[in-house]
Amino acid sequence: MSTINMVRTGELPIRLSALRYGADLVWSPEIVDKKIIACNRVVNEKINCVDFVQPDKDNNVVFRTHRHHERSKIIFQLGTASPELAVQAATIVAADVAGIDVNSGCPKHFSVHSGMGAALLRTPEKLVAILEALVKEVGKKFDIGISVKIRILDTPEATFELAKRLVKTGISALTVHCRKIAMRPRERAIRDGYLAGIANICREAGVTCIANGDVYCRADLAMLKDMYGIDSAMIATSAETNVSCFGADTKANVRPWREVAEEIFKTAVEIDNHTTNTKYILGRIIPGKDVMYRGIMQSHSHDEMKRVFQGLPPRETEPLKPQKPKQAEASSNGDLEPSNPKRKITKSAMEDLCLGIDRQRQKLDDVETPLRDGPSALQTVG
């Protein structure tokens, strides 16, 4: 059972928590090749971590990994569109990770606009070249696995053809996100007609097949193995909201959110996580209607967050109160009634509105413009 953690939420605190709750492997957020190439490697003895920092940006930490807990468990997720840059980037982190995974499944703009992510699915020759280069120049040299994550294509046949090309590059694992490029997490994953065929292709090539998409707990892994013959499964969005899903037999059998939030916060403090990132991670876990959510969002430091977990306001001078909806007040002209929050338009106001519309129509009739015959805002051109 593995986890691919999303941008911002996939930092060290949640990865370490995922391992404690039973994840076998953890993925870093996608990091672009040029960004990691510009980093220096620094051993952080104080927290037993290795940091990759940007010297030209006040040593901002781009990637942090724990030397003891993650060394054989962390897969570095690489965003790249170049074999040469991929090798340079992977070489920098290879000694500190268990594997390099090329992300060719991300559909977001920051990834695809430079030919990375899901854009690589439209340029399979480039993707194959990247994987072959990584296997030869990094995988064999550092004795680590090289893997790739894809999405399904428009047809099973096209997807199978791509998978056959990828497993011949020497990769050790292929993860398939069972959604097409244009699909979003709220849309149900598509497995039938795709997943069993991909699993067969991987098995014949000796490549581990990992399924992703609508996987919530270990029961889902067992089901996917039985139905489609995959080897492992990857949890993404469910781990963002409750990382204890890795130890849960069913989707409903996760640990209480407060327990999980406290555990992750403790870890964040121990490994000196950036305050902004800690706040973002906790914001995905704590229910938005809970008073603790507001307190965490108002916090500017780990010390202030600690006060919130103790049931106190983040700062002594600012008492924490639950936000209440504003009460509707009657206007002086009677347009809004206290008993009804919905605004009512008076007869005079309606007459003024209609008069204004009539005047605008008259102006349009008096002025001849070529745009009147062009496409409207609801039509598409081209």
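1. Let's start with the surface. About 20,600 Å² of the protein is exposed, and carbon and sulfur atoms supply 51% of that area. Please keep in mind as you read that this is a predicted model.

2. Now the overall make-up. The protein has 382 residues, and buried residues make up 46% of them. Its secondary structure comes to 14 helices and 12 strands. Among the contacts with a separation of 6 or more, 62% are between residues 24 or more positions apart.

3. A good place to look inside is the largest nonpolar core, which holds 84 residues. The members that touch the most other members are Ile36, Ile100, Leu134, Leu166, Leu174 and Phe246. Helix 5 gives the largest share of this core, with eight residues.

4. Leu134 is worth picking out from that group. Leaving aside residues up to four places away in sequence, Leu134 touches Ala86, Val87, Ala90, Ile100, Val102, Gly139 and Ile146. One of these, Ile100, also appears in the list of core residues that touch the most other members.

5. Next, find the open sheet made of three strands, in the order 4-5-6 with antiparallel pairing. Strand 4 (40-44) and strand 6 (60-66) stand at its edges; each has a single partner strand, so one side of each is left without a neighbour in the sheet. On average, and ignoring direction, neighbouring strands here are turned by 25° against each other.

6. You can follow the pairing in more detail between strand 4 and strand 5 (residues 49-54), which are joined in the antiparallel sense over five bridges. As an example, Val42 has Asp51 in strand 5 as its bridge partner. Helix 1 (residues 12-20) packs on this sheet, where it touches strand 5 and strand 6. The direction of helix 1 makes about 15° with that of strand 6.

7. Staying with these strands, have a look at Asp58, in the loop between strand 5 and strand 6. Although Asp58 is not a glycine, it has a positive phi of about 55°. Is this residue buried or exposed? Asp58 has a relative accessible area of 76%, so it counts as exposed.

8. Asp143 makes a useful companion to that point. This residue lies in the loop between helix 5 (124-142) and strand 9 (145-151). Asp143 is not a glycine, yet its phi is positive, at about 55°. With a relative accessible area of 71%, Asp143 is exposed.

9. My last stop is Asn242, which is placed in the loop between helix 9 (237-241) and helix 10 (257-270). Why does Asn242 count as buried? Its relative accessibility is 10%, and the limit for a buried residue is under 20%, so Asn242 falls on the buried side.

10. Which residues surround Asn242? Not counting those up to four places away in sequence, Asn242 touches Val254, Arg255, Trp257 and Val260. For one of them, Trp257, the separation from Asn242 is 15 residues in sequence and 6.6 Å in space, taken C-alpha to C-alpha. The side chain of Asn242 is also joined to the side chain of Ser244 by a polar contact of 2.4 Å.

Conventions. Residues are numbered from 1 along each chain as its sequence is written. This is a predicted model: local features need pLDDT of at least 70, side-chain atom pairs count only at pLDDT 80 or more; totals for chains, interfaces and linings use all residues. Side-chain values use heavy atoms; hydrogens and water are left out. Helices (H or I, at least four residues) and strands (E, at least two) are DSSP runs, numbered from the N terminus. Buried means under 20% relative accessible area, exposed over 50%, partly exposed in between (1.4 Å probe, protein chains only). Contact means heavy atoms within 4.5 Å. A polar contact is a pair of N or O atoms within 3.5 Å; within protein, one must be able to donate a hydrogen and the other to accept it, and residues adjacent in sequence count only if both atoms are side-chain atoms. Two strands pair if DSSP finds at least two bridges between them. Axes are lines fitted to C-alpha atoms, for helices over the stretch in contact, and angles run from 0 to 180 degrees between N-to-C directions. Accessible areas come from the Shrake-Rupley method with a 1.4 Å probe; for residues, only the protein chains shown count as cover. A nonpolar core is a set of buried Ala, Val, Leu, Ile, Met, Phe, Trp, Tyr and Cys residues joined through side-chain atoms within 4.5 Å.
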